[in-house]
Amino acid sequence: MSTETMPEITRYNYGASFSSCPENGRDTLILHEGCVPYLSFRAFDGLPGIQAAFSTRLGGVSKGFRSSMDLGFHEALDTTPKEHEELARAASENFRRMGETLGIQPEQMVYSQQTHTVNILTVTGHHKGMGIVKARDFTDVDGLVTGEPGICLVTAFADCNPVLFADRTGKAVGAAHAGWKGTVGGIAGKMADRLNREFGCRREDLIVQIGPGICGRCYEVREDTARYFRDAYPESELPCILKKKDEEHYLLNLFAANYFNCIHAGIPAENIYISDLCTFENPGLLFSHRASHGKRGILCAFIMIRK
Ligand SMILES: [Zn+2]
């Protein structure tokens, strides 16, 4: 049994921020308590064969500021081999625990290799286990799609936005990692295009979950980032995406920007669900890069078509 206690949780209703999104005002994330707590998405409830979840920082074995459900192998970190081995051992055990909770084997999972690109990989049986129980044969992939049942797509977060897709007829699923670079690069729209082209998913059949991630009242950026968004979005959408905070800072709403990316890609507004949890505001439940000044573990999103 876990000795961790469930923290206070702050939920945030985005209804007033961009009112064209009808799913905004509802609780979209469901917290499942237990030895390994996790979140599920109301967006995908009732879609036959679709299973999706998002980890919390609770229920794992990692120590210190990565306590305790750290799902990162931290390959790129500058650590000693011994430290790296310890991090990897803890992550492997955490994946085993999370998998047991969700009824998914780590060998069925495929883990993205995220570098803030808009590159998307079509995942097949060949990739099973890559990034978790064996080495990947791909790099620089921030979006995953598959039409094969029994393969679980895994993507990593600590403030950046997950954008998860499921075709309501069960043809395919997808998961994207959208930080500011991926968002301004339009990765959500590229995911919709890819799902349409590769699996014949109709845009009106795509159900989308955006978040959890850092929200529009917590994510401060400077002019050098803000200008990319001013260039990428029409005037009418910018008030939802960027708010001037003071002389030097803006508040950037990645949820809204990813929402508009989906709208531009032809996904109906009523199919898009926005997170009501912010990573920055829930440091006891979720890892936040900004809230922790980089001292944090990794959260993962999981999505698959069940066999
Ligand atoms: Zn927030």
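**Exercise 1. Determine how the lining of the largest pocket in this predicted model divides into nonpolar, polar and charged residues, and where its centre lies.**

Solution.
- Step 1. Sort the lining by residue type: 15 residues are nonpolar, twelve are polar and eight are charged.
- Step 2. Take the volume of the largest pocket, which is about 930 Å³.
- Step 3. Find the centre: of the 35 lining residues, Q114, H116, H177, R296 and I298 are the closest to it.
- Step 4. Look for strands in the lining. β7 (152-157) and β11 (220-222) each supply at least two residues, and β11 gives the most, with three.

**Exercise 2. Describe the second largest pocket and its lining.**

Solution.
- Step 1. The volume of the second largest pocket is about 250 Å³.
- Step 2. Its lining consists of V61, S62, K63, R66, T79, E83, E86, L87 and A90.
- Step 3. By type, three of these residues are nonpolar, two are polar and four are charged.

**Exercise 3. Work out which strands pair with β8 and whether its two faces are buried or exposed.**

Solution.
- Step 1. Locate β8 at residues 161-167. Buried here means under 20% relative accessible area, and seven of the seven residues of β8 are buried.
- Step 2. Separate the faces. N161, V163, F165 and D167 are on one side, P162, L164 and A166 are on the other, and both sides are covered.
- Step 3. Pair β8 with β9 (residues 173-178): the strands are antiparallel, with six bridges. N161 has A178 as its bridge partner in β9.
- Step 4. Examine the connection. β8 and β9 form a hairpin with five residues between them, and G170 in the turn has a positive phi of about 85°.
- Step 5. Pair β8 with β10 (residues 206-210), also antiparallel, over five bridges. Here the partner of A166 is I207.

Technical notes. Residues numbered from 1 in each chain as written. Predicted model: local features only at pLDDT ≥ 70, side-chain atom pairs only at ≥ 80, totals over all residues. Heavy atoms only, no water. Buried < 20%, exposed > 50% of the residue type's maximum accessible area, 1.4 Å probe, protein only. Helix = DSSP H or I, 4+ residues; strand = E, 2+ residues; numbered from the N terminus. Pairing = 2+ DSSP bridges. 1 Å grid on protein atoms, 1.4 Å probe; cavity = no way out; pocket = protein on both sides within 12 Å on 5 of 7 lines; lining within 4 Å. Points joined across faces, edges and corners; volume = space filled by probe spheres on them. Nonpolar A, V, L, I, M, F, W, Y, C, P; charged D, E, K, R; others polar.
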